[in-house]
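Student: Hey, got a minute to go through a structure with me? I'd like to poke at the loops, the core and a pocket.
Tutor: Sure, put it up and we'll start with one of the loops.

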Amino acid sequence: MSISQVNIDIFRSINDLGKEYNFLNPIAIFMADYMLYVLALGMLVYWFTRTNKNRMMVLQGGFAFILAEVLGKIAGTLYSHHQPFAELPNVNKLIEHSIDNAFPSDHSILFFSICFSFWLVRRKEGWLWLIFACLVGISRIWVGVHYPGDVLAGALIGMGSALFTYWLVPKLSFIKTALVKYEKVEQSLLPIREKTENKSF
C-alpha cells in the first residue's frame, strides 16, 4: 500500500465520520473555520496581562508563525496537490474553500506554531492549547479540505519553528529593548497601580 493510499484511507476514515455522526458537524465547522478567533483572543489576553513572561511568549509565537509560514511556502513549492474535495469523489465537504495547493495545511501551521509556543512556556494550560491545535487539524480533515499528510506536515513545521524561536527570540536584545519601550508607552496610556512584571501563574 503506497503512502498516498494510506493518506487517502485515513482521510476517508475521518471525513466519513461526518456522514455517520452529522450532529458533530457544527462543532467540526466551528473548529475548522472559527477557532482562530479564540486563538487570537487568547493571545490578546496573554499580552494584556502585562507580564514579561507572557509577552515574550506571544512574541515567540508570532515569530514562530512567520517562520513556519515561510517554510510552509517553500515546502509547497517542492510538493503540491489540491484539496481532497477537488481530487476525490463523494467527499463530505462542509465548508467553502477555494481550490489551490493544500500542502501543507496553513491552519495547522498557525495553530501548532503558536500553541506549541504556549506549551513551551506555560506547560499547565499549554496542554489545552495543544489539544485545540490537534482538534483544529482533525477538523480540517473532517470538513474535507485537507489530507492527514497536510495537517501532519503543517504541525511539524509549526512545532519546529516554535522550538527555534523559543531558543532564539529571548536572546535578541532588540526585542527586549522594543518591549521595554512599548511597555513605557502603554503604561503612560493605560496606567495601573501595580505592575506585575514577575508574576507567574
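Student: Is N90 buried or exposed?
Tutor: N90 is exposed, because its relative accessible area is 63%. Keep in mind that this is a predicted model.

Student: Where is N90 found?
Tutor: N90 sits in the loop between α6 and α7.

Student: And what about phi of N90?
Tutor: Phi is near 60° there, which is a positive value in a residue that isn't glycine.

Student: Which residues does a cis peptide bond join?
Tutor: That would be F103 and P104, with omega at about -15°. P104 lies in the loop between α6 and α7, and N90 is found in that loop too.

Student: OK, pockets. What volume does the second largest pocket have?
Tutor: About 180 Å³.

Student: How many residues line the second largest pocket, and which lie nearest its centre?
Tutor: There are 14 lining residues, and K73, N101, A102, P104 and D106 lie nearest the centre. So P104 turns up again: it is on the cis peptide bond with F103, and it is one of the residues nearest the centre of this pocket.

Student: Which helix gives the most to that lining?
Tutor: α5 does, with three residues. Both α5 (52–78) and α7 (106–121) supply at least two residues each.

Student: How do the lining residues divide into nonpolar, polar and charged?
Tutor: Three are nonpolar, seven polar and four charged.

Student: Switching to Q83. Buried or exposed?
Tutor: Q83 counts as buried, because its relative accessibility is 0%. Q83 is found in the loop between α5 and α6 (84–87).

Student: What does Q83 touch?
Tutor: Skipping residues up to four places away in sequence, Q83 touches H97, S98, I99, D100, N101, A102, V145 and Y147. Two of those contacts, N101 and A102, are also among the residues nearest the centre of the second largest pocket.

Student: Now the largest nonpolar core. How many residues, and which have the most contacts inside it?
Tutor: It has 29 residues, and L39, F111, C115 and F118 have the most contacts inside it. The elements that give two or more residues to this core are α4 (35–47), α5, α7, α8 (123–142), α9 (148–168) and α10 (173–189). α7 gives the most, with ten residues.

Student: Any general reason to look for a core like that?
Tutor: In soluble globular proteins, nonpolar side chains tend to be buried together.

Student: What is L39 in contact with?
Tutor: Leaving out neighbours within four places in sequence, L39 is in contact with L110, F111, I114, C115, F118 and W129. There's also a second, separate core of 14 residues, which includes A32, L88, V91 and V145. V145 is one of the residues that Q83 touches.

Student: Back to C115. Where is it found, and what is it in contact with?
Tutor: C115 is found in helix α7. Beyond its neighbours within four places in sequence, C115 is in contact with L39, W129, L130 and A133. C115 is buried, with a relative accessible area of 0%.

Student: How many disulfides does the structure hold?
Tutor: Zero.

Student: Why is there no bond from C115 to C134?
Tutor: Because the sulfur of C115 is 9.1 Å from the closest cysteine sulfur, the one in C134, and that is too far for a bond. The cut-off for a disulfide is sulfur atoms within 2.5 Å.

Student: And C134, buried or partly exposed?
Tutor: C134 counts as partly exposed, because its relative accessibility is 40%.

Definitions and conventions: Residues numbered from 1 in each chain as written. Predicted model: local features only at pLDDT ≥ 70, side-chain atom pairs only at ≥ 80, totals over all residues. Heavy atoms only, no water. 1 Å grid on protein atoms, 1.4 Å probe; cavity = no way out; pocket = protein on both sides within 12 Å on 5 of 7 lines; lining within 4 Å. Points joined across faces, edges and corners; volume = space filled by probe spheres on them. Helix = DSSP H or I, 4+ residues; strand = E, 2+ residues; numbered from the N terminus. Nonpolar A, V, L, I, M, F, W, Y, C, P; charged D, E, K, R; others polar. Buried < 20%, exposed > 50% of the residue type's maximum accessible area, 1.4 Å probe, protein only. Contact = heavy atoms within 4.5 Å. Core = buried A, V, L, I, M, F, W, Y, C linked by side-chain atoms within 4.5 Å.
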